[in-house]
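Reader: Got a minute to go through a model with me? I'd like to talk about charged side chains first, then strands.
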Amino acid sequence: MNRQPSARLSAWLIDLLCISGWVAVLAVVGAALYTTGLTHDLSAGAGNAVAFLVLIVPVTVALAWFEAGSRAATVGKRARRLRVVDAATQVQIPFVRALLRNAVKVALPWELAHTLAFSLFGTTAGVPLSGRLIVTTVAAYVLPTVYVVTLFVGRGRTPYDWAAHTIVIRRDEATSGEVRAAS
């Protein structure tokens, strides 16, 4: 098996660079809304819901759309010559499975981090954290760490690859009869 965790990590960094453009647009719009006073009365829960709807959902759907598309790859994966394919058949995956893959990969850890940040907003120093916040904090840090570590062990399949029954292969391996993960 030809594992290349560095190719997947660098592909993700390229994707994050692309995502940062959308984050910049949202930051400008958010700053404008804040300065006009339109968002001053939002509760932490409402702010988290808005962030989920305007940031996490569009990014997750866009990444899934790219992975379910004809190239089976996000911008970063294309740059690193990688493809996301069915683990058993090496064929293109449908949008629903790409969406599941990216919901576990992106939406879940991102929402955990946002929930933590919005929950901590306005808390007072010295006040003990609730059990829910402690669990959220641990999960927000452990989950992405597990994702990275799993790239380097075994076959290099991450939990989101297992959940969606996918592997990531080099683009030139897609026609090969042998299943090899490029991790």
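Reader: Which residue does Glu 67 form a salt bridge with, and how far apart are the closest N and O atoms?

Author: One partner is Arg 101, with the closest N and O atoms 3.0 Å apart. Keep in mind that this is a predicted model.

Reader: Where do those two sit in the chain?

Author: Glu 67 is in helix H2 and Arg 101 is in helix H4 (residues 95–120). They are 34 residues apart, so the pair links distant parts of the chain.

Reader: Is that Arg 101 buried or exposed?

Author: Arg 101 is buried, because its relative accessible area is 0% and the cut-off for buried is under 20%. Glu 67 also comes out at 0% relative accessibility, so Glu 67 counts as buried too.

Reader: OK, and what about Lys 77, how does that one meet Glu 67?

Author: Through another salt bridge, where the closest N and O atoms are 2.9 Å apart. Glu 67 lies in helix H2 (residues 44–68) and Lys 77 in helix H3 (residues 75–79), so this pair ties together parts that are 10 residues apart in sequence. Both residues are buried.

Reader: How many salt bridges turn up in the whole structure?

Author: A search of the whole structure gives 5. One of them joins the side chains of Asp 161 and Arg 8, at 2.8 Å from N to O.

Reader: Which helices does that pair link?

Author: Asp 161 belongs to helix H6 (residues 159–164) and Arg 8 to helix H1 (residues 5–35). The two are 153 residues apart, another link between distant parts of the chain.

Reader: And why do Asp 161 and Arg 8 count as buried?

Author: Asp 161 counts as buried because its relative accessibility is 0%. Arg 8 has 8%, so Arg 8 counts as buried as well.

Reader: Which residues are linked in a network of salt bridges?

Author: Arg 8, Glu 67, Lys 77, Arg 101 and Asp 161 are the ones linked that way.

Reader: Switching to strands. How do E1 and E2 run, and how many bridges join them?

Author: They run antiparallel, and 5 bridges join strand E1 (residues 82–86) to E2.

Reader: What stands opposite Val 84?

Author: That's Val 168, in E2.

Reader: Last one: how many residues of strand E2 are buried?

Author: 5 of its 5 residues are buried, so strand E2 (residues 166–170) is mostly covered.

Note on methods:
Residues are numbered from 1 along each chain as its sequence is written. This is a predicted model: local features need pLDDT of at least 70, side-chain atom pairs count only at pLDDT 80 or more; totals for chains, interfaces and linings use all residues. Side-chain values use heavy atoms; hydrogens and water are left out. A salt bridge is a side-chain nitrogen of Lys or Arg within 4 Å of a carboxyl oxygen of Asp or Glu. Helices (H or I, at least four residues) and strands (E, at least two) are DSSP runs, numbered from the N terminus. Buried means under 20% relative accessible area, exposed over 50%, partly exposed in between (1.4 Å probe, protein chains only). Two strands pair if DSSP finds at least two bridges between them.
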